[in-house]
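Hello,

Here is the structure I promised to pass on. Please have it open while you read; my notes follow below.

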4 protein chains.
Amino acid sequence: MSDSATDTDASRDIPTLVDESRLRDLPTTPRGARTREALVAAARTVFERDGYINSRLTDITAEAKCSIGTFYTYFDGKEEVFAAVMQAAQHDMLHPGLPHVDESLENVREILEASNRAYVEAYQRNARLNLLLEQVATIDPEFRKLRIARARAFAERNARWIERLQEEGYADPELEPYPAARGLSSMLSRMAYHAFALEEHDMTAEEMVRTATRLWLNALGIPPDGSKRDA
Amino acid sequence: MSDSATDTDASRDIPTLVDESRLRDLPTTPRGARTREALVAAARTVFERDGYINSRLTDITAEAKCSIGTFYTYFDGKEEVFAAVMQAAQHDMLHPGLPHVDESLENVREILEASNRAYVEAYQRNARLNLLLEQVATIDPEFRKLRIARARAFAERNARWIERLQEEGYADPELEPYPAARGLSSMLSRMAYHAFALEEHDMTAEEMVRTATRLWLNALGIPPDGSKRDA
Amino acid sequence: MSDSATDTDASRDIPTLVDESRLRDLPTTPRGARTREALVAAARTVFERDGYINSRLTDITAEAKCSIGTFYTYFDGKEEVFAAVMQAAQHDMLHPGLPHVDESLENVREILEASNRAYVEAYQRNARLNLLLEQVATIDPEFRKLRIARARAFAERNARWIERLQEEGYADPELEPYPAARGLSSMLSRMAYHAFALEEHDMTAEEMVRTATRLWLNALGIPPDGSKRDA
Amino acid sequence: MSDSATDTDASRDIPTLVDESRLRDLPTTPRGARTREALVAAARTVFERDGYINSRLTDITAEAKCSIGTFYTYFDGKEEVFAAVMQAAQHDMLHPGLPHVDESLENVREILEASNRAYVEAYQRNARLNLLLEQVATIDPEFRKLRIARARAFAERNARWIERLQEEGYADPELEPYPAARGLSSMLSRMAYHAFALEEHDMTAEEMVRTATRLWLNALGIPPDGSKRDA
DNA sequence: AATGAATGAGCTTTCATTCAT
DNA sequence: AATGAATGAAAGCTCATTCAT
């Protein structure tokens, strides 16, 4: 599962990547919309290339081929355009297809593996952005709060899933659901961070998925074939 | 185990936190040594308070009660004094007391728990510094390289330990040692990062230790009492 | 002749005082042009007053009544604004009115004297700037190269003129044209440098012109009235 | 003759390169003398390598292998050590062997050529130092005054020599001795400056000597063989 | 006589932000 | 809506000079 989203339906209660209330209203005219979009795209390019810290607003406006004055028509500053970049990328970063709590528990292994694969692939697709997210979380308390809220929401979701696995006799009943969920989510997100965001590349995505799935199953006490424990 | 050090003896082959070649020679006179120490201490205080990015050299010299010129007598800039802070903290951050690869495998559970506890406590003691380390790794490629080298060295060390557990009949022989080691180390370091560095505080250190130990044992396929698998 | 320019037409092949490729594009708006001009004028004032070495950018911006930030909108630093000052002064420093190679050789004396007078007067008008040029040439290798290129181009031009004088029977045929041109150019430029740039003022401009013309004519073997040698 | 010295006897009335009154008394102890010498030698090395402007006192003390404190025991600052360097080099820069005013006028050509050769060779031997002298003269008014005084003294000396040549029937009686002397001295010093100090190297020393001698003889109206004019 | 740590004024440079056009 | 010139606080860094040891 990991700290990431599920299907559209299920992700409704998961906090977004950004505090959307801080973004201004979208421009009314089509021209304005185009300009804003160009700025967001340019900002993503520049942030990914230079990092959040080392990028300057003039780099962004140069990339967007507009003036610095125009930038301030749409955003209050670097922080806000960063939020807009994250909002635009949100849909792709929060991968689709995670099992819902009340989904069938048959084929637990397959479901878990698919979910982990979806997470890892989404992470890899947006590796630079994930690094940025991490970087900004260490700097800006606002973003840090969001990051924490998201991680907690995922852990709670996963904890409920683990509870169900325990109730149905799949998972080790001794485990405390929330801490276990926290630990297991952490494992995958950290591996992905190292391999893709920090670009260590000591494992392929597939190795990571296989390893994570195996360790999760073992850790939760689910037999490797995903069957019930005492079966 | 996790990505962190062990006893002095065992940590000999683990990369340090900083590229020591980049630090100047230590001052020869006692007075110089005192001043340098005051600067390093002041830098730690300021970095912990304001973060690496938001701290200024004048804050550091004000804290150390010396002039900015004196700072440049000992360091080339912010980067270098940061390296010195890390070097000074190194001994305490790399917690003591981890089991050596060829240590007895009796009481695997106790040994593992003690090791995890040592890691978590060292992490907590230096929580702000660990946040800094993470922050700087997202910014400075040099520090990032060191971070990666350290993580890999720990994973390899832990992989060797897992291999031994497999050979002796404690651990699931199907697991690939290196990826498993990576995953399990990641789990603990990420939990500690969230709880202590990002100050989420959703778990106490003790909960974290217990959870991690339990999940490791399960994940490696070691019975909860630390006995052999088929015993 | 000396190491200085002639009329626009003739000076086409003479290197300029500055490496123009190093100057940025001129500002597009009239307001920008005005500001830039004010900065160049202020820089000239400050350089002439304090010398290149002892002048500070803040003096220049104070004189131009703008902020230091504005300075950096137009120039990269002291070097570049110096180049701009020289470029602006170039037209006046490279005095007009020197005889072209294929000009009539009648009245050699008058022509030579007029040419020398034009040089000396232009030098005197820009005495402080000439001192600056000399100062910067001793410091900055780029400017030194330009200075050398200019001096050589002038010497070559003068050498061709001397050749013609030899061919037509005016000048001593034994002289080697290039070294002779070099020596005679040097004489006038050094005298002007001492009297006007170093402010020795041991000769008036007119004395200098008369002396130089007389010595040139003698040195080249041309009779004092400018007639042919054997006439 | 050019603006440079003659034999010890004749140079008695020529100003020195430095204002010796500004130098402190020499150290009394042999150890002190050695240290001071080392500093002067180091300063020359550093000045020649980096120029006056770009050299720092710490470079000099590093080169002399002593502390910056020691430097201040012997000199008041950069200016003063520069004066000491010049004083030490003075003997070699002011070449020996120039003809005295009341020397025989037979072999005028040989005498003049020898004198010019001595000047050019001395200039070339100390090319970097001559560049320094020029550089400092554009910056420091004290040094400028000395430079001017020296040039004037030489010109006056040469003017007296020219007068004698006129009286004895060698030189063109129409020439004004002082301005002519000024012009001819300038010629050689400027050529040497360009070729050796600015490192243009477009003439060899020998070409320069031959050219200068020939132009002087012509300019003064002395027949190429050095005989009397109407002879 | 020699040391070298400490000083801090003084300079350059950056860049988010404003605002008149 | 768009422009981009102007701003100036803020930060980094240098180096001649002092002085206690």
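Let me start with a helix pair in chain A. This is a predicted model. α1(A) and α2(A) are oblique to each other, because the angle between them is about 125° and falls outside the ranges for roughly parallel, antiparallel or perpendicular. Their axes lie 8 Å apart. The crossing is right-handed.

Which residues make the contact between α1(A) and α2(A)? From α1(A) come A:A38, A:L39, A:A42, A:A43, A:T45, A:V46 and A:D50. They meet A:D59, A:I60, A:E63 and A:A64 of α2(A). By type, the residues of this contact are seven nonpolar, one polar and three charged.

Next, the copies. Chain B superposes on chain A after a rotation of 180°, with 0.0 Å of shift along the axis and an RMSD of 0.2 Å. The two copies are thus related as by a two-fold rotation axis. Of the interface residues of chain B, 100% are also interface residues in chain A, so the copies meet through the same surface.

Last, the DNA. There are 39 residues around DNA strand E. A:G77, B:T35, B:G69, C:G77 and D:G69 come nearest. The surface near the strand holds twelve nonpolar, 22 polar and five charged residues.

Several helices each supply at least two residues of that surface:
- chain A: α2 (57-64) and α3 (68-74)
- chain B: α1 (30-50) and α3 (68-74)
- chain C: α2 (57-64) and α3 (68-74)
- chain D: α1 (30-50) and α3 (68-74)

Best wishes

Conventions
Residues are numbered from 1 along each chain as its sequence is written. Chains are lettered from A and ligands numbered from 1 in the order in which they are written. This is a predicted model: local features need pLDDT of at least 70, side-chain atom pairs count only at pLDDT 80 or more; totals for chains, interfaces and linings use all residues. Copies are superposed by least squares on the C-alpha atoms of residues with pLDDT of at least 70 in both. Two residues are in contact if their C-beta atoms, placed from the backbone, lie within 7 Å. A residue is near a molecule or strand if its C-beta atom, placed from the backbone, lies within 6 Å of it. Helices (H or I, at least four residues) and strands (E, at least two) are DSSP runs, numbered from the N terminus. Ala, Val, Leu, Ile, Met, Phe, Trp, Tyr, Cys and Pro count as nonpolar, Asp, Glu, Lys and Arg as charged, and the others, Gly among them, as polar. Axes are lines fitted to C-alpha atoms, for helices over the stretch in contact, and angles run from 0 to 180 degrees between N-to-C directions. Angles under 35 degrees count as roughly parallel, over 145 as roughly antiparallel, 65 to 115 as roughly perpendicular and the rest as oblique. A crossing is left-handed if the near helix is turned anticlockwise from the far one by less than a right angle, and right-handed if clockwise.
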